[in-house]
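This report goes through a single chain residue by residue and element by element. Please keep the sequence and the model in view while reading.

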Amino acid sequence: MPVPGKKLKDRVADALDGHAYTRWPQLEEITTTWRGSYGYLTAWLTATESIPLCRIQYLGDADDWAFALYQASTETYTDSRLPTGAFTGTPTEALDTALGLYLNDPTAWPIKPPQD
């Protein structure tokens, strides 16, 4: 599996936090923790209350990542599709998909046909 470099990790984490600041103002912050090719996204509702959201997996392309939702009932990550039906997409699409579910806001899911 390819592993993203530090610059890409920093760029993705900054982009996700910046996007959340604009699109999800009710959140304090989005943090990304990296392990190998995986980035684990956590939403911070307050300085002390957080929600694990999803896992993104670097596939070798900065704009095409695999996506898995966090399942609180089993405390595991399950490979998932984006609202477009695609199994891969941008980190921002993964974030919006997860937050749309966890914050009950389906307006976060702009439906676009998957591109082959």
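## A buried cysteine

C54 is found in strand β3; helices (H or I, at least four residues) and strands (E, at least two) are DSSP runs, numbered from the N terminus. The model is predicted, so local features need pLDDT of at least 70 and side-chain atom pairs count only at pLDDT 80 or more, while totals for chains, interfaces and linings use all residues. Residues are numbered from 1 along each chain as its sequence is written, and side-chain values use heavy atoms, with hydrogens and water left out.

C54 has 0% relative accessibility and therefore counts as buried (buried is under 20% relative accessible area, exposed is over 50%, and partly exposed is in between, with a 1.4 Å probe and protein chains only). Leaving aside neighbours within four places in sequence, C54 is in contact with G39, Y40, L41, F67, A68, L69, Y70, Y77, A94 and A98, where contact means heavy atoms within 4.5 Å. One of these residues, A94, is 40 residues from C54 along the chain, and the two C-alpha atoms are separated by 7.5 Å.

## Strand β2 and the loop after it

Strand β2 covers residues 38–44 and contains T42. T42 counts as buried because its relative accessibility is 16%. With neighbours within four places in sequence left aside, the contacts of T42 are E29, I30, T31, S50, I51, P52 and L53.

T48 sits in the loop between β2 and β3 (50–61). Is T48 buried or exposed? At 73% relative accessibility, T48 counts as exposed. T48 and E28 are 20 residues apart along the chain, and 9.9 Å separates their C-alpha atoms.

## The β4 and β5 hairpin

Strand β4 (residues 64–71) pairs with strand β5 (residues 76–79) in the antiparallel sense, over four bridges; two strands pair if DSSP finds at least two bridges between them. Y70 has Y77 of β5 as its bridge partner. Both Y70 and Y77 also appear among the contacts of C54.

Four residues lie between the strands of this hairpin, and E75 takes a positive phi near 55° there. E75 is not a glycine. Most residues other than glycine have a negative phi, and most peptide bonds are trans. N104 is another non-glycine residue with a positive phi. The table sets out E75 and N104.

| Residue | Place | Phi | Relative accessible area |
|---|---|---|---|
| E75 | loop between β4 and β5 | about 55° | 61%, exposed |
| N104 | segment after α2 | near 55° | 67%, exposed |

## The two helices

How do helix α1 and helix α2 pack? Helix α1 (residues 6–23) packs with helix α2 (residues 91–102) at an angle of about 45°, and their axes are 10 Å apart. Axes are lines fitted to C-alpha atoms, for helices over the stretch in contact, and angles run from 0 to 180 degrees between N-to-C directions. The angle makes α1 oblique to α2 (under 35 degrees counts as roughly parallel, over 145 as roughly antiparallel, 65 to 115 as roughly perpendicular, and the rest as oblique).

On the α1 side, the contact is made by V12, L16, H19, A20 and R23; on the α2 side, by P91, T92, L95 and D96. By class, this contact has five nonpolar, two polar and two charged residues. Ala, Val, Leu, Ile, Met, Phe, Trp, Tyr, Cys and Pro count as nonpolar, Asp, Glu, Lys and Arg as charged, and the others, Gly among them, as polar.
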